[in-house]
Amino acid sequence: MTQQPFSDKMLNAFVDGELPPEQAASVISALAEDPALARRIATLQRLKTSLASFHTNAPPLPALPDHTAWRWPAALAAAATGAIIAGAVWVALPPTGPDTQTSATAQHTPLDMHQGWASTGTGTGTAPSPAHLPDEFTWLTPVMRATGLQLAYADDWRDGLHLGYVGANACKLSLFIRPDDQPDSALDIHLDQHLQQASWTTSGLHFNIISQDMDTSRFATIATTAHAKSRDHLPASAAQIALINAARLPCLA
Amino acid sequence: MFTQRRHHDALLALRRRLFGYACALCPNLPNAEDLYQDTMLRAMQARNVPRDQTALRVWVFRIMRNLWIDGLRAAGRLPELTSDDDIDLQIALDRNDDLTVNRLAVRQAFMKLAKPHRDVLALVDIAGFSYAEASDLLDVPQGTIMSRISRARAALALCLQDDDTLIALPRAQGRRFTGI
């Protein structure tokens, strides 16, 4: 019989797969010639496997109390939503574009994501129904309705959300909302004939709006109204809605 | 937000092991269910959630363990978390080379172990953590985890041998089922 000294710690580590390869090999080679060693290891293994399936019937995830959000970050502090509501909306808005639930897409910029979605041609059909947003974004609905754009796409992006809106005349607009611990920032807007972008941070949320070939006045009206409503969460005034309506123009593409 | 789906899915994947850990820590099923629910609620409402899956798993189990410790502290039972027992498995095995390892008996014996032993065995055998992960979660050196595991399994073996009220295989022990 091999007189290899194997401590209890070594044998337990061996059973747990935690022994360095050289030491594990020495245990294995000793097993064949040491029945007592084999019994010790077998006992340890049975103790381990007996506990491995300690309890298989786990309860479901608890339902969050009313007015309690999935608090990814303080972002949602100002906009409590029930996880059930969020979940229901998610079911109601299956992504119609490319599957973005990959770690690779998490690295893409909002512009990348917008172009990826816009180029696939999705959104030209009917919008998913029921298309609605959680309660805390009710301020957004009338704003976007006034634009004439329909919500056609929704997907996760970088722990936030990518919403895609399409219009009857080739217009596509992306709205990105994600948690952000940075201080509130002013509206930053860039207008170019072929690319329009706006961004701002408010109440723990960062917004990006992107469109291509949209009339710059129309885009600016949408962005400024969305910015204002994201800050005060009040319904858009009739004047604001009228401005957005008046700015409707086909996109150049 | 919608992206909580990823968070939600990650927690779903941890349910069984997390509940198993709760059952290992708590004296009874209702307590385990309460600990599990409280842990999940806290994890679901957290502001800063690790994105890495491994880090997330450690983070969730740490939440549960901290809640468990808080409960012990509130009940004045925190000293039970320390254990100076040092049992040599070889000695335990020498007393009965044919130690019967009946799965149900093991589980019953496990619940009779001291809390520190249940804690470390639950992390490695029930929750499936590596020694490195358990070391991180308990904030102790990896060598300490090795020692604790060794002592815990020795204690478990001794408990199986010593307690004839545990269910044993009729074939091996020749005793009637007595239960606990």
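**Exercise 1. Chain A overall**

Of the contacts in chain A with a separation of 6 or more, what percentage comes from residues 24 or more positions apart?

Solution. Take contact to mean heavy atoms within 4.5 Å. Residues 24 or more positions apart then account for 58% of the contacts in chain A with a separation of 6 or more.

The model is predicted: local features need pLDDT of at least 70, side-chain atom pairs count only at pLDDT 80 or more, and totals for chains, interfaces and linings use all residues. Residues are numbered from 1 along each chain as its sequence is written, chains are lettered from A and ligands numbered from 1 in the order in which they are written, and side-chain values use heavy atoms, with hydrogens and water left out.

Next, the secondary structure. Helices (H or I, at least four residues) and strands (E, at least two) are DSSP runs, numbered from the N terminus. Chain A has nine helices and six strands.

Last, burial and surface. Buried means under 20% relative accessible area, exposed over 50%, and partly exposed in between (1.4 Å probe, protein chains only). In chain A, 48% of the 253 residues count as buried. Its accessible surface is about 11300 Å², with 57% belonging to carbon and sulfur atoms; areas come from the Shrake-Rupley method with a 1.4 Å probe, and for residues only the protein chains shown count as cover.

**Exercise 2. Chain B overall**

Describe chain B in the same terms.

Solution. Chain B has nine helices and zero strands, giving the pattern α-α-α-α-α-α-α-α-α along the sequence. Of its 180 residues, 52% count as buried. Residues 24 or more positions apart supply 67% of the contacts in chain B with a separation of 6 or more. The exposed area of chain B is about 8400 Å², of which carbon and sulfur atoms supply 48%.

**Exercise 3. Helix α3 of chain A against chain B**

At what angle do the axes of α3 (residues 35–52) of chain A and α5 (residues 103–110) of chain B cross?

Solution. Two packed helices are described by the angle between their axes and the distance between the axes. Axes are lines fitted to C-alpha atoms, for helices over the stretch in contact, and angles run from 0 to 180 degrees between N-to-C directions.

Step 1: the axes of α3(A) and α5(B) come within 9 Å and cross at roughly 80°. This makes the two helices roughly perpendicular, where angles under 35 degrees count as roughly parallel, over 145 as roughly antiparallel, 65 to 115 as roughly perpendicular and the rest as oblique.

Step 2: α3(A) contributes A:Leu47, A:Thr49, A:Ser50 and A:Leu51 to the contact, and α5(B) contributes B:Arg103, B:Val106, B:Arg107 and B:Phe110. By class, there are four nonpolar, two polar and two charged residues. Ala, Val, Leu, Ile, Met, Phe, Trp, Tyr, Cys and Pro count as nonpolar, Asp, Glu, Lys and Arg as charged, and the others, Gly among them, as polar.

Step 3: the axes of α3(A) and α6 (residues 115–126) of chain B come within 9 Å and cross at roughly 80°, so α3(A) and α6(B) are roughly perpendicular. Here A:Lys48, A:Leu51 and A:Ala52 meet B:Leu121, B:Val124, B:Asp125 and B:Ile126. The contact of α3(A) with α6(B) has five nonpolar, no polar and two charged residues.

**Exercise 4. α7 and α8 of chain B, and the loop between them**

Characterise the packing of α7(B) and α8(B), then the loop residue B:Asp139.

Solution. The axes of α7(B) and α8(B) come within 8 Å and cross at roughly 105°; the helices are therefore roughly perpendicular. From α7(B) the contact uses B:Tyr131, B:Ala132, B:Ala134, B:Ser135 and B:Leu138, and from α8(B) B:Gln142, B:Ile145, B:Met146, B:Arg148 and B:Ile149. These comprise seven nonpolar, two polar and one charged.

B:Asp139 sits in the loop between α7 (131–138) and α8 (142–162) of chain B. Its phi is near 60°, a positive value in a residue other than glycine. B:Asp139 is exposed, with a relative accessible area of 69%.

**Exercise 5. Two loop aspartates of chain A**

Is A:Asp213 buried or exposed?

Solution. A:Asp213 lies in the loop between β6 (205–212) and α8 (216–232) of chain A. Its phi is positive, about 60°, although the residue is not a glycine. With a relative accessible area of 15%, A:Asp213 is buried.

A:Asp184 belongs to the loop between β3 (172–179) and β4 (185–191) of chain A and is partly exposed, at 47%. Its C-alpha atom is separated by 4.8 Å from that of A:Thr201, 17 residues apart along the chain. Not counting residues up to four places away in sequence, A:Asp184 touches A:Thr201, A:Thr202, A:Ser203 and A:Gly204.
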